[in-house]
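Q: I am new to this structure and should like a close look at the ligand's surroundings. Please describe them in detail, and then set them beside the cavities and pockets of the protein.

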Amino acid sequence: MQSDISVRHLNKTYGDGFQALKDINLEIHPGEIFALLGPNGAGKTTLISIICGLVNMTSGNVTAGGFDIVSQYRKARETIGLVPQELNTDSFETVWDAVSFSRGLFGKAPNPGHIEKVLKALSLWDKRNNRIMSLSGGMKRRVMIAKALSHEPQILFLDEPTAGVDVELRRDMWNLVRQLRESGVTIILTTHYIEEAEEMADRIGVIRQGEIILVEEKSSLMSKLGKKELRLQLQ
Ligand code: ATP
(Lines give C-alpha, C1' and ligand atoms only; values in the text may rest on other atoms or scores of the structure.)
Protein backbone atom coordinates (compact mmCIF):
# COMPACT_ATOMS: atom_id res chain seq x y z
CA MET A 1 0.00 0.00 0.00
CA GLN A 2 1.39 3.40 -0.96
CA SER A 3 1.66 5.92 1.88
CA ASP A 4 -0.27 9.18 1.61
CA ILE A 5 2.71 10.98 3.08
CA SER A 6 6.26 9.70 3.05
CA VAL A 7 9.09 11.56 4.77
CA ARG A 8 12.65 10.24 4.44
CA HIS A 9 15.76 11.49 6.18
CA LEU A 10 14.36 14.99 6.52
CA ASN A 11 16.56 17.67 8.07
CA LYS A 12 15.85 21.34 8.57
CA THR A 13 18.35 23.96 9.68
CA TYR A 14 17.04 27.52 9.82
CA GLY A 15 19.11 30.45 8.54
CA ASP A 16 20.39 31.23 12.03
CA GLY A 17 21.98 27.76 12.19
CA PHE A 18 19.32 26.25 14.46
CA GLN A 19 18.56 22.63 13.55
CA ALA A 20 14.80 22.31 13.95
CA LEU A 21 14.40 18.80 12.46
CA LYS A 22 16.83 15.90 12.65
CA ASP A 23 16.60 12.91 10.31
CA ILE A 24 12.81 12.60 10.36
CA ASN A 25 11.34 9.43 8.85
CA LEU A 26 7.57 9.04 8.76
CA GLU A 27 4.90 7.22 6.75
CA ILE A 28 1.24 8.24 6.94
CA HIS A 29 -1.22 5.59 5.78
CA PRO A 30 -4.34 6.26 3.72
CA GLY A 31 -7.43 6.82 5.84
CA GLU A 32 -5.75 7.04 9.23
CA ILE A 33 -5.82 9.74 11.87
CA PHE A 34 -2.23 10.40 12.89
CA ALA A 35 -1.45 12.65 15.86
CA LEU A 36 1.92 14.33 16.10
CA LEU A 37 2.39 15.02 19.77
CA GLY A 38 5.12 17.29 21.12
CA PRO A 39 5.90 20.17 23.46
CA ASN A 40 6.36 23.81 22.44
CA GLY A 41 9.16 24.29 19.96
CA ALA A 42 9.55 20.56 19.19
CA GLY A 43 9.29 21.14 15.44
CA LYS A 44 5.65 20.22 14.68
CA THR A 45 4.81 23.33 12.64
CA THR A 46 8.15 23.18 10.83
CA LEU A 47 7.49 19.57 9.82
CA ILE A 48 3.96 20.32 8.59
CA SER A 49 5.15 23.42 6.73
CA ILE A 50 7.82 21.42 4.91
CA ILE A 51 5.42 18.61 3.99
CA CYS A 52 3.02 21.22 2.60
CA GLY A 53 5.80 22.88 0.62
CA LEU A 54 5.66 26.17 2.53
CA VAL A 55 9.15 25.97 4.01
CA ASN A 56 12.28 24.60 2.31
CA MET A 57 13.89 21.49 3.68
CA THR A 58 17.65 21.39 4.12
CA SER A 59 17.89 17.76 3.01
CA GLY A 60 15.67 14.72 2.61
CA ASN A 61 12.65 13.64 0.58
CA VAL A 62 8.94 14.20 1.04
CA THR A 63 6.07 12.87 -1.06
CA ALA A 64 2.37 13.63 -0.72
CA GLY A 65 -0.13 11.44 -2.56
CA GLY A 66 2.88 9.83 -4.27
CA PHE A 67 4.17 13.16 -5.68
CA ASP A 68 7.48 14.74 -4.72
CA ILE A 69 6.80 17.98 -2.82
CA VAL A 70 9.72 19.77 -4.50
CA SER A 71 9.88 18.53 -8.10
CA GLN A 72 6.11 17.90 -8.41
CA TYR A 73 4.94 20.67 -6.10
CA ARG A 74 1.59 21.51 -7.71
CA LYS A 75 0.43 17.91 -7.92
CA ALA A 76 1.65 17.12 -4.40
CA ARG A 77 0.07 20.28 -2.94
CA GLU A 78 -3.28 19.47 -4.57
CA THR A 79 -3.53 16.31 -2.47
CA ILE A 80 -3.24 18.36 0.74
CA GLY A 81 -5.63 20.58 2.68
CA LEU A 82 -3.98 22.65 5.42
CA VAL A 83 -5.62 24.31 8.41
CA PRO A 84 -2.84 26.43 9.91
CA GLN A 85 -2.38 27.21 13.57
CA GLU A 86 -2.87 30.94 13.05
CA LEU A 87 -6.36 31.43 11.70
CA ASN A 88 -6.82 34.40 9.41
CA THR A 89 -10.50 35.10 9.91
CA ASP A 90 -11.00 38.89 9.88
CA SER A 91 -12.59 38.67 6.49
CA PHE A 92 -15.40 40.72 4.97
CA GLU A 93 -16.04 37.87 2.53
CA THR A 94 -19.01 35.58 2.88
CA VAL A 95 -18.44 31.97 3.81
CA TRP A 96 -19.52 30.82 0.36
CA ASP A 97 -17.21 33.21 -1.49
CA ALA A 98 -14.20 32.43 0.68
CA VAL A 99 -14.56 28.67 0.31
CA SER A 100 -15.21 28.89 -3.46
CA PHE A 101 -12.21 31.19 -3.89
CA SER A 102 -9.94 28.74 -2.05
CA ARG A 103 -10.88 26.06 -4.56
CA GLY A 104 -10.05 28.41 -7.41
CA LEU A 105 -6.56 28.95 -6.00
CA PHE A 106 -5.82 25.33 -6.84
CA GLY A 107 -6.87 25.93 -10.44
CA LYS A 108 -9.87 23.64 -10.03
CA ALA A 109 -13.05 24.29 -12.00
CA PRO A 110 -15.95 25.58 -9.87
CA ASN A 111 -17.99 22.82 -8.29
CA PRO A 112 -20.90 24.31 -6.32
CA GLY A 113 -22.11 20.80 -5.47
CA HIS A 114 -18.85 20.03 -3.66
CA ILE A 115 -18.84 23.36 -1.79
CA GLU A 116 -22.43 22.70 -0.72
CA LYS A 117 -21.48 19.23 0.53
CA VAL A 118 -18.54 20.59 2.55
CA LEU A 119 -20.57 23.43 4.08
CA LYS A 120 -23.36 21.06 5.04
CA ALA A 121 -20.93 18.55 6.57
CA LEU A 122 -19.42 21.33 8.68
CA SER A 123 -22.82 22.75 9.72
CA LEU A 124 -22.04 25.97 7.85
CA TRP A 125 -24.78 25.80 5.24
CA ASP A 126 -27.09 28.22 7.07
CA LYS A 127 -24.19 30.67 7.43
CA ARG A 128 -23.10 30.56 3.79
CA ASN A 129 -24.14 34.17 3.11
CA ASN A 130 -22.72 35.53 6.37
CA ARG A 131 -19.48 37.47 6.50
CA ILE A 132 -16.73 35.43 8.15
CA MET A 133 -15.81 38.21 10.57
CA SER A 134 -19.34 38.12 12.04
CA LEU A 135 -19.12 34.44 13.03
CA SER A 136 -18.27 32.89 16.40
CA GLY A 137 -14.79 31.47 17.02
CA GLY A 138 -16.03 27.91 16.54
CA MET A 139 -17.72 28.74 13.25
CA LYS A 140 -14.60 30.55 12.03
CA ARG A 141 -12.58 27.40 12.69
CA ARG A 142 -15.09 25.44 10.66
CA VAL A 143 -14.72 27.93 7.80
CA MET A 144 -10.94 27.36 7.83
CA ILE A 145 -11.54 23.62 7.57
CA ALA A 146 -14.06 24.16 4.74
CA LYS A 147 -11.47 26.25 2.86
CA ALA A 148 -8.90 23.49 3.32
CA LEU A 149 -11.35 20.91 1.94
CA SER A 150 -12.55 23.06 -0.96
CA HIS A 151 -10.30 21.47 -3.58
CA GLU A 152 -11.13 17.87 -2.53
CA PRO A 153 -7.76 16.92 -0.99
CA GLN A 154 -7.14 13.35 0.15
CA ILE A 155 -5.05 14.51 3.13
CA LEU A 156 -5.96 17.10 5.76
CA PHE A 157 -3.44 18.72 8.12
CA LEU A 158 -4.74 20.36 11.27
CA ASP A 159 -2.04 22.30 13.11
CA GLU A 160 -3.10 22.45 16.78
CA PRO A 161 -6.82 22.55 15.96
CA THR A 162 -7.91 22.96 19.57
CA ALA A 163 -5.20 25.22 21.02
CA GLY A 164 -6.92 27.86 23.12
CA VAL A 165 -10.48 26.66 22.53
CA ASP A 166 -12.99 25.83 25.26
CA VAL A 167 -13.93 22.29 26.26
CA GLU A 168 -17.18 22.29 24.31
CA LEU A 169 -15.57 23.41 21.08
CA ARG A 170 -12.78 20.90 21.58
CA ARG A 171 -15.39 18.10 21.74
CA ASP A 172 -17.05 19.48 18.60
CA MET A 173 -13.73 19.49 16.79
CA TRP A 174 -13.01 15.91 17.80
CA ASN A 175 -16.39 14.78 16.47
CA LEU A 176 -15.84 16.72 13.30
CA VAL A 177 -12.44 15.15 12.69
CA ARG A 178 -13.93 11.67 13.13
CA GLN A 179 -16.68 12.50 10.66
CA LEU A 180 -14.14 13.73 8.12
CA ARG A 181 -12.16 10.53 8.43
CA GLU A 182 -15.33 8.54 7.81
CA SER A 183 -15.66 10.43 4.54
CA GLY A 184 -12.27 8.95 3.54
CA VAL A 185 -9.87 11.83 4.29
CA THR A 186 -6.48 11.02 5.86
CA ILE A 187 -5.91 13.29 8.85
CA ILE A 188 -2.71 14.48 10.48
CA LEU A 189 -3.06 16.70 13.49
CA THR A 190 -0.53 18.25 15.82
CA THR A 191 -1.23 18.71 19.47
CA HIS A 192 0.30 19.34 22.89
CA TYR A 193 -2.46 17.38 24.58
CA ILE A 194 -2.01 13.67 25.35
CA GLU A 195 -5.76 13.39 25.89
CA GLU A 196 -6.43 14.73 22.42
CA ALA A 197 -4.04 12.29 20.78
CA GLU A 198 -5.52 9.46 22.83
CA GLU A 199 -9.08 10.42 21.98
CA MET A 200 -8.58 10.96 18.27
CA ALA A 201 -5.68 9.09 16.77
CA ASP A 202 -5.10 5.64 15.31
CA ARG A 203 -1.35 6.18 15.59
CA ILE A 204 0.69 8.65 17.56
CA GLY A 205 4.13 10.05 16.84
CA VAL A 206 6.04 11.87 19.56
CA ILE A 207 8.43 14.62 18.49
CA ARG A 208 10.91 16.21 20.83
CA GLN A 209 13.70 18.68 20.07
CA GLY A 210 13.39 18.04 16.36
CA GLU A 211 13.47 14.24 16.58
CA ILE A 212 10.66 11.74 16.29
CA ILE A 213 11.34 9.63 19.32
CA LEU A 214 8.57 7.10 18.75
CA VAL A 215 5.67 6.19 16.48
CA GLU A 216 3.15 3.63 17.70
CA GLU A 217 -0.41 2.45 17.37
CA LYS A 218 -2.29 4.32 20.05
CA SER A 219 -3.20 1.19 22.00
CA SER A 220 0.37 -0.10 22.15
CA LEU A 221 1.80 3.33 22.97
CA MET A 222 -0.51 3.72 25.94
CA SER A 223 0.17 0.21 27.22
CA LYS A 224 3.93 0.51 26.69
CA LEU A 225 4.43 3.91 28.23
CA GLY A 226 1.32 4.88 30.15
CA LYS A 227 0.24 8.48 30.46
CA LYS A 228 2.71 9.38 33.19
CA GLU A 229 5.76 8.35 31.20
CA LEU A 230 4.35 9.96 28.08
CA ARG A 231 3.86 13.20 29.99
CA LEU A 232 7.53 13.09 31.01
CA GLN A 233 8.52 12.62 27.36
CA LEU A 234 6.59 15.76 26.49
CA GLN A 235 8.33 18.03 28.97
P1 ATP B 1 4.59 25.09 19.08
O2 ATP B 1 3.87 23.91 19.65
O3 ATP B 1 5.02 26.09 20.12
O4 ATP B 1 3.86 25.71 17.91
P5 ATP B 1 6.28 23.55 17.32
O6 ATP B 1 6.48 22.17 17.81
O7 ATP B 1 5.28 23.75 16.22
O8 ATP B 1 6.00 24.53 18.53
P9 ATP B 1 8.13 24.93 15.57
O10 ATP B 1 7.27 26.15 15.48
O11 ATP B 1 8.24 24.06 14.39
O12 ATP B 1 7.71 24.07 16.84
O13 ATP B 1 9.58 25.40 16.00
C14 ATP B 1 10.65 24.47 16.17
C15 ATP B 1 11.91 25.21 16.54
O16 ATP B 1 12.37 25.96 15.41
C17 ATP B 1 11.72 26.23 17.67
O18 ATP B 1 12.86 26.22 18.48
C19 ATP B 1 11.60 27.55 16.94
O20 ATP B 1 12.07 28.62 17.73
C21 ATP B 1 12.50 27.33 15.74
N22 ATP B 1 12.07 28.12 14.56
C23 ATP B 1 10.85 28.10 13.99
N24 ATP B 1 10.82 28.93 12.94
C25 ATP B 1 12.05 29.48 12.84
C26 ATP B 1 12.67 30.41 11.96
N27 ATP B 1 12.02 30.95 10.95
N28 ATP B 1 13.98 30.74 12.18
C29 ATP B 1 14.67 30.19 13.19
N30 ATP B 1 14.16 29.30 14.06
C31 ATP B 1 12.86 28.94 13.89
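A: The shell around the ligand

The element α1 contributes the most to the shell around the ligand, namely 3 residues; helices (H or I, at least four residues) and strands (E, at least two) are DSSP runs, numbered from the N terminus. The model is a predicted one, in which local features need a pLDDT of at least 70 and side-chain atom pairs count only at pLDDT 80 or more, whereas totals for chains, interfaces and linings use all residues. Residues are numbered from 1 along each chain as its sequence is written, and side-chain values use heavy atoms, with hydrogens and water left out.

The ligand has 15 residues around it, a residue being near if one of its heavy atoms lies within 4 Å. Those that come nearest are Asn40, Gly41, Lys44, Thr45 and Thr46. By class, the shell holds 5 nonpolar, 7 polar and 3 charged residues. In this scheme Ala, Val, Leu, Ile, Met, Phe, Trp, Tyr, Cys and Pro are nonpolar, Asp, Glu, Lys and Arg are charged, and the others, Gly among them, are polar.

Polar contacts (pairs of N or O atoms within 3.5 Å) add detail to this picture. Thr46 places a polar side-chain atom 2.6 Å from an oxygen atom of the ligand. For Lys44, the distance from a polar side-chain atom to a ligand oxygen is 2.8 Å. His192 also takes part, with a polar side-chain atom 2.9 Å from an oxygen atom of the ligand. On its own the ligand has 640 Å² of accessible area, of which the protein covers 65%; the area comes from the Shrake-Rupley method with a 1.4 Å probe.

The enclosed spaces come next. The structure contains 2 cavities of 30 Å³ or more. On a 1 Å grid over the protein atoms alone, a cavity is a set of points where a 1.4 Å probe fits but cannot get out, a pocket is an open set with protein on both sides within 12 Å along at least five of seven lines, and lining residues have an atom within 4 Å of a point. A volume is the space filled by probe spheres set on the points.

The largest cavity has about 50 Å³ of space. Leu26, Ile28, Phe34, Leu36, Leu47, Ile48, Ile51, Phe157 and Ile188 form its lining. Two or more of these residues come from each of β2 (19-28), β3 (33-37) and α1 (44-51). With 3 residues, α1 gives the most to the lining of this cavity, as it does to the shell around the ligand. In class, the lining of the largest cavity is made of 9 nonpolar residues, with no polar and no charged ones.

The second largest cavity holds about 30 Å³ and is lined by Val83, Leu87, Arg141, Ile145, Pro161 and Met173. Its lining has 5 nonpolar residues, no polar ones and 1 charged residue.

Among the pockets, the largest has a volume of about 290 Å³. It is lined by 16 residues, and Leu82, Pro84, Ser102, Lys147 and Ala148 lie nearest its centre. At least two lining residues are supplied by each of β6 (80-83), α3 (95-105) and α5 (137-149), and β6 gives the most, with 4 residues. This lining divides into 9 nonpolar, 4 polar and 3 charged residues.

The second largest pocket offers about 250 Å³. Its lining includes His114, Lys117, Val118, Ala121, Leu149, Glu152, Gln179 and Val185. Two or more residues of that lining come from α4 (112-121) and likewise from α6 (167-182), with α4 giving the largest share, 4 residues. The lining of the second largest pocket has 7 nonpolar, 3 polar and 2 charged residues.

Finally, the confidence values. The protein chain averages a pLDDT of 91, and 96% of the residues score at least 70; pLDDT is the predictor's confidence in each residue, from 0 to 100. For the complex, the predictor gives an ipTM of 0.97 and a pTM of 0.91.

Technical notes
A polar contact is a pair of N or O atoms within 3.5 Å; within protein, one must be able to donate a hydrogen and the other to accept it, and residues adjacent in sequence count only if both atoms are side-chain atoms.
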